[in-house]
Each structure stands twice: as C-alpha cells, then as structure tokens.
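The following exercises concern charged side-chain pairs and where their partners sit along the chain. Please work through each task before reading its solution.

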Amino acid sequence: MLIFGAAPAPGAPGPGAWQKRAPVPTARTEVAAAALDGKIYVIGGYQKGAGRVEEYDPAKNSWRPRAALPAALHHAGAAAVNGKLYVVGGFISGKGAVDTVYEYDPAADRWKSKAPLPTARGALAVGAIAGKIFAVGGLGAGDKDTSANEAYDPAQDRWIKRAPLPAPRDHLAVAALDGKLYAVGGRVNGRHDRNLADAEQYDPATDRWKKLPPLPTARSGSAAAALDGKIFIFGGETARATFDTVESYDPGKNRWQRWAPMPTPRHGLGAAALGRSIYTLAGGPRPDATFSSANEVFTPQ
C-alpha cells in the first residue's frame, strides 16, 4: 500500500511516498541496521531480540534469520564495508557499555571478534567512508557522554582516534555522504528531557568538524540515511512523545526540508538506503521500552 504525502501547504509536512513492507519478524527497539549487497540486516535490540539478526530481501519482500550475535547487544552501531558487516559497541543489559567489535561474513553466516573499540560506549552512531568505519559519541563510563570519534580500518584491524565530536551526546544519528560524515541530534547523558538539535559535518580528509544549521526538530533516538544528495532523519523521541517527523539536510543548499511523516512514529529504529528508497525498521512506537515490527519504506518525490 502506498501512502503519498500531499503537496504541502505553508508550514505543512513536505512530499514523499511511504510503502509498508513485510514486517520485521521480531518486534524490537534500539536496533542497529545496515544494507549490504542488496539485503538489509536488523541487529540486536533492547529487552527483546538482543541477540537476534534478521536479513531482509527487498526483491522478495521476505525475511530470514541469520547467525545470532556473539553477545546480546542493544544500542549498538552497524556499518558495511567491503562485503562484511561490522557491529560496534552497544550495551549488554546488566553490564553496561561494551567495547566489542564483531565482523559478519554473510557468505559463511559467521561472526568474528575484531580489535576492540578504544572507548567502550553504547547509544553511539556509526558510519562508513572510503573503507573506514567511524564510531561517534555515545554513553560511556559512568553513564556520561563521550565526544569520542574513533576510526576503524578493517584491512588492518586497527582503530585510530580522530578529532572529537564538538558536542558530546548519545542517541544521535549519523550518515555518510560524499566523503563527509554528518552527526545530527541526540541527548545529554541519556536524559530524554535534554534533547539536542545540534548538527555537524566531519571531513576525514582534514580531520575537522563544521557546525551546520540546527535540526529543525530537536530529538534523540532517531535514525539517519543518505539519499539523493541529502541526509534524512527519521523518528526519535522525548520523555513524553515519539516522533513521526522526517527532515532532510541538503549540504549544497545548506538548509533543512520537511517531508511526509512516518506512518508509524518510532524511536530506537534502524534506517538503511537501498536503490531509490530508505527502509525504516523496528523501533519503539511509544517512549521507553516499547516494540515494533514496522518495515516502512520512504521514497522522496
């Protein structure tokens, strides 16, 4: 079923088409998601599905289970590089933030431990640029935010510390576009009542951050993906509400735009771009620990 955004009136949400697809088999929240070789992987979860990995095939509109995570993770980050999937950091319930890095080989359906993350943290954000994985922000020791920005080279199985995130925060969203990394939104020390609208661009070539116009809707627990030369931000939450809001940043125009809202408001969701669309997966439909199996696909118009 297609759900189209109407032509916007002044101040109304903008255009876009939403389509509901086969639901995620395990309803969950605080997941990681990444696209690899035409498939999308939904990884981990809070309270439910912490060790689960499920693979979605858009061409068949079908799911299948894959090898479970080596640890029951939630609030982890994920990215795909050179045919492998990497899951970075996160939390283990009852143990707190971890520094683990796991590499998944889809051909063998097997996980392997890799060099640990220098700064243990969960509710971080992860993005990939030119064969490197960048782990940004998150909640670390003592449930305090870290400004850590650490880059992983899978070819050398080695981490390097890079220029720190200007505004330390957790539950932020990150996406990569044209060789730059964009860090958007988040919250302070895990507090829902301290959501941020901060937006920054990181250039790995110069190891520098640049401040951008703020996110129009301050929020945390959102998901981000890049498409059509824009960074799209989906969902999120405050202490009292969950967002259906979709906004995009256009680096060429240096401005934000509003799009048709999500059919199912969610936080702690995953997002992954494939082809001309972005898939938004799982997440909590209400604040705190709620669970969804939603698989809703957004196509800009």
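**Exercise 1.** In this predicted model, determine which parts of the chain are tied together by the salt bridge between Arg-28 and Glu-54, and decide whether Arg-28 is buried or exposed.

*Solution.* The closest N and O atoms of Arg-28 and Glu-54 are 2.6 Å apart, which lies within the 4 Å cut-off for a salt bridge. Arg-28 belongs to the loop between strand 2 (17-20) and strand 3 (32-36), whereas Glu-54 belongs to strand 5 (residues 53-57), so the pair ties together parts that are 26 residues apart in sequence. Because buried means under 20% relative accessible area, Arg-28 with 0% is buried, and Glu-54 with 1% is buried as well.

**Exercise 2.** Locate the partners of the salt bridge between Glu-237 and Arg-187.

*Solution.* The closest N and O atoms of this pair are 2.9 Å apart. Glu-237 is found in the loop between strand 24 (230-234) and strand 25 (246-250), and Arg-187 in strand 19 (residues 187-188), so that distant parts of the chain, 50 residues apart, are linked. Glu-237 is buried, at 2% relative accessible area, and Arg-187 is buried, also at 2%.

**Exercise 3.** Explain what the salt bridge between Glu-247 and Arg-219 ties together.

*Solution.* The N to O distance in this salt bridge is 2.8 Å. Since Glu-247 lies in strand 25 and Arg-219 in the loop between strand 22 (208-211) and strand 23 (223-227), the pair ties together parts that are 28 residues apart in sequence. Glu-247 is buried, with a relative accessible area of 2%, and Arg-219 counts as buried at 1%.

How values were computed. Residues numbered from 1 in each chain as written. Predicted model: local features only at pLDDT ≥ 70, side-chain atom pairs only at ≥ 80, totals over all residues. Heavy atoms only, no water. Salt bridge = Lys/Arg side-chain N within 4 Å of Asp/Glu carboxyl O. Helix = DSSP H or I, 4+ residues; strand = E, 2+ residues; numbered from the N terminus. Buried < 20%, exposed > 50% of the residue type's maximum accessible area, 1.4 Å probe, protein only.
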